[in-house]
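Trainee: Please take one part of this model and go through it closely. I would like to see how a single strand sits among its surroundings.

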Amino acid sequence: MFNGASFRIASLVAFGLLAACLSAGADPNAARSAIVDDESIVEHIQTVGNALIKAGSTVKLKTLRNQLPHAHTCALALHRGDGVAMTPSEIYERRTDGVLVVGMLAKPKKSGRYELAGCSGFALTQDGAFVTNYHVVDNPDAETIVVMTHDGTITPVSEVLAADKLADVAILRAKGAAFAPLSLADDVSVPGSPVWVISHPDHNFFSITTGMVSRHFMALTEAGRTPQMAITADFGIGSSGGPILDSKGEVTGIVCSTTSVYWEDTKGKINDLQMVFKHCVPVGSIRSLITAK
């Protein structure tokens, strides 16, 4: 059997690790500006992921999808933050270790190798529980899911712990993981509050964007009506499941979807893009899936 931890990439600089930046004589603040090598990350996840699949160490996505409707809540001992406000650079430096690359591995037609469609997520517990979107897992085209931590360690996803299709939240477990958990905020952030998103839009890994909470509203989705939060911080495809962090570095929501507004002329022709709304799952929808342990 392959162990994901044994496939840690040799070049740590490519993954922005603190150890690589704090070499002899290096600037202690260099970790904040470490270079992220996106192509190397994609290749690393694909190489390890394919090896794990070949070794029979992964769980088929079909199995995980079948677990989604039956996993309602889970008991977890959540990490508690210190409640101290941080600067934006401190939020990135201290919270990026808890942000995960959620790797959907699928085999294109006429290809002998599984390829990566990267999404986002974040750690809830040290022993492998993490959060992403329900729609990330509910994917009929992929073979399996693996997760990569900020230090390059890759482990397979083993089970669904809890899920809510309406809220678009899934809590999963990665077998053999050792995570740096993020803490959940006690209350949802009010409109006007600053927020930061750390995610992987279009394989631009570990990107941070900033904005504010725009509003809270009832969203009409294919699954029904559900509370959501709109923010102004940018995100895009691949950001699904990424954490939205408040000024204390606590998770106040997760990335969900975007809705674009276009100008339409009198003949019904859609023209210029006017605005993109960034919709998110509020922290309360995550907490509703977790019971105290």
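Mentor: Two strands count as paired if DSSP finds at least two bridges between them. Keep in mind that this is a predicted model.

Let us take strand E3, residues 115-123. Of its 9 residues, 7 are buried, so E3 is largely enclosed by the rest of the structure. Buried here means under 20% relative accessible area.

Now the partners. Strand E2, residues 99-106, is joined to E3 by 8 bridges. E2 and E3 run antiparallel. One pair to find on screen is Val 102 with its bridge partner in E3, Cys 119. Strand E4, residues 129-132, is joined to E3 by 2 bridges, and these two strands are antiparallel as well. Here Ala 123 has Phe 130 of E4 as its bridge partner. E3 and E4 make a hairpin, with 5 residues between the strands. Look at Gly 128 in that turn: its phi is positive, about 110°.

Next, the side chains. In a regular strand they alternate between the two faces of the sheet. With that in mind, look at the nonpolar cores. The largest has 43 residues. Phe 122, Leu 124 and Ile 171 touch the most other members of it. Helix H2, residues 38-54, supplies the largest share of this core, 6 residues. A separate core has 25 residues, including Ala 123, Val 157, Val 160 and Ala 170. Phe 122 thus belongs to the 43-residue core, while Ala 123 belongs to the 25-residue one.

Stay with Phe 122. Setting aside neighbours within four places in sequence, its contacts include Gly 98, Val 99 and Leu 100. Phe 130 and Val 131 are also among them. So are Leu 182, Leu 184, Gly 241 and Pro 243. Val 251, Ile 254 and Ile 286 are on the list too.

Back to helix H2 for one polar residue. Asn 50 is found in this helix. Its relative accessible area is 16%, so Asn 50 is buried. Beyond residues up to four places away in sequence, Asn 50 touches Arg 113 and Tyr 114.

For contrast, turn to the surface. Tyr 262, Ile 270, Leu 273 and Val 276 make a nonpolar patch of about 370 Å². Strand E13, residues 270-282, gives the most to it, with 3 residues. Tyr 262 lies in strand E12, residues 251-264. At 43% relative accessibility, Tyr 262 counts as partly exposed.

Methods:
Residues numbered from 1 in each chain as written. Predicted model: local features only at pLDDT ≥ 70, side-chain atom pairs only at ≥ 80, totals over all residues. Heavy atoms only, no water. Core = buried A, V, L, I, M, F, W, Y, C linked by side-chain atoms within 4.5 Å. Buried < 20%, exposed > 50% of the residue type's maximum accessible area, 1.4 Å probe, protein only. Helix = DSSP H or I, 4+ residues; strand = E, 2+ residues; numbered from the N terminus. Contact = heavy atoms within 4.5 Å. Patch = residues over 30% accessible without salt bridge, like charges linked within 9 Å, V, L, I, M, F, W, Y side chains within 5 Å. Areas by Shrake-Rupley, 256 points an atom, 1.4 Å probe, with all protein chains shown as cover. Salt bridge = Lys/Arg side-chain N within 4 Å of Asp/Glu carboxyl O.
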